[in-house]
Amino acid sequence: GAARHRRANGHPPTSRWPLLRLRRLATVLIALVLFTACSSAPQAVRPAQINAQQAAADLLAQHDANADGVLSAEEAIACPAVAANFVKYDANTDGQIDEDEIATRFQQWSADGAGVLRVGCRVTLDGRPLAGANVQLEPEFCFEGALQPATGTTDGHGQCSLTVDPANLPEELSRVRGVQPGLYAVKITHPEISLPEKYNSEATLGLEVASDTLGPAGTEFALSAR
């Protein structure tokens, strides 16, 4: 009768219709949820718009003490973020870095395609974790206006994640957490402990935020009370 007619015309038996319709409805709902989730995800943060050649020229002018057009390892000490990664800048391994080498290094940050990177750090004082320390990353002079500062406060293990203040990001990126690639002076203070000025006002600490300078364990700042 009717059942044989349905089977003959390629239709499943009546008892299977509800199950098949439920499966199709579930598939549609899952696809809709996935589409909505993807559509509402925060936008990717594009790399900062940096004039690498100009920034390199500014950095060189600021720290080239003898005005010979290059930075020696000794001169680079004035910019701790560069000094700590000197070999990454010295492409021809001649023991000094010129404007083009600096600009090439800066261009690599944008080439990586990451607008922000996760930056974790650990702060110790005389070998012990320092809880409640305020860690601030301030862009080096040549990047002022292009990069945003980042901050973090250490927990009981002396650890924290550094991030740009969401207030300094567009509204659609307010949920993004991380630090823009670049060179930063690091300043560490504590509300109850007076730390030596070399760790804050004298800015002897620095950090280059780049994909090839940040290890999985994060960055450690080992402070001394003296």
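User: What links Tyr 89, Phe 106, Trp 109 and Phe 143 into a cluster?

Analyst: Ring pairs do that linking, joining Tyr 89, Phe 106, Trp 109 and Phe 143. Altogether, the structure holds 4 aromatic pairs. A pair is counted when the ring centres of Phe, Tyr or Trp (the six-membered ring for Trp) lie within 6.5 Å, and it is stacked if the planes are under 30 degrees apart, edge-to-face if over 60, and tilted for the rest. One of the pairs is Phe 106 with Trp 109, at 4.8 Å centre to centre and with 35° between the planes.

A word on the background: this is a predicted model, where local features need pLDDT of at least 70, side-chain atom pairs count only at pLDDT 80 or more, and totals for chains, interfaces and linings use all residues. Residues are numbered from 1 along each chain as its sequence is written, and side-chain values use heavy atoms, with hydrogens and water left out.

User: Thanks! Why is the pair of Phe 106 and Trp 109 called tilted?

Analyst: The centre distance of 4.8 Å is within the 6.5 Å limit, so the two rings pair. Their planes are 35° apart, which is neither under 30 nor over 60, and therefore the pair is tilted. Both residues sit in helix α7, 3 residues apart, about one turn of the helix. Here a helix is a DSSP run of H or I with at least four residues, a strand is a run of E with at least two, and both are numbered from the N terminus.

User: How is the pair of Trp 109 and Phe 143 classed?

Analyst: That pair is tilted as well, with 5.6 Å centre to centre and 55° between the planes. It links distant parts of the chain: Trp 109 is in helix α7, while Phe 143 is in the loop between β5 (134–139) and β6 (150–153), 34 residues away.

User: Is Trp 109 buried or exposed, and what about Phe 143?

Analyst: Buried means under 20% relative accessible area, exposed means over 50%, and partly exposed is in between (1.4 Å probe, protein chains only). Trp 109 has 5%, so it is buried. Phe 143 has 1%, so it is buried too.

User: What makes α3 oblique to α7?

Analyst: Two packed helices are described by the angle between their axes and the distance between the axes. The axes of α3 (residues 52–63) and α7 (residues 99–111) come within 8 Å and cross at roughly 130°. That makes the arrangement oblique, because angles under 35 degrees count as roughly parallel, over 145 as roughly antiparallel, 65 to 115 as roughly perpendicular, and the rest as oblique. The axes are lines fitted to C-alpha atoms, for helices over the stretch in contact, and angles run from 0 to 180 degrees between N-to-C directions.

User: Which residues of α3 and α7 make the contact?

Analyst: Contact means heavy atoms within 4.5 Å. On α3, the residues include Ala 52, Ala 56 and Leu 60, and on α7 they include Glu 99, Ala 103 and Phe 106. Sorted by type, the contact has 9 nonpolar, 2 polar and 2 charged residues. For that sorting, Ala, Val, Leu, Ile, Met, Phe, Trp, Tyr, Cys and Pro are nonpolar, Asp, Glu, Lys and Arg are charged, and the others, Gly among them, are polar.

User: Gln 54 lies in helix α3; why is Gln 54 called partly exposed?

Analyst: Its relative accessible area is 43%, which falls between 20% and 50%, so Gln 54 is partly exposed. From Gln 54 to Glu 99 it is 45 residues in sequence and 9.2 Å in space, C-alpha to C-alpha.

User: How do you know that Arg 105 is buried?

Analyst: The relative accessible area of Arg 105 is 3%, under the 20% limit, so the residue is buried. Arg 105 is placed in helix α7. Leaving aside residues up to four places away in sequence, it touches residues including Tyr 89, Glu 208 and Asp 212.

User: And why does Val 119 count as buried?

Analyst: Val 119 has 3% relative accessibility, so it counts as buried. It belongs to strand β3 (residues 119–125). Not counting residues up to four places away in sequence, it touches Cys 160, Leu 162 and Val 209, among others.

User: What is Phi of Ala 203 near, and why is Ala 203 partly exposed?

Analyst: Phi of Ala 203 is near 50°, a positive value in a residue other than glycine. Its relative accessible area is 24%, between the two limits, so Ala 203 is partly exposed. Ala 203 is in the loop between β8 (182–189) and β9 (205–209).
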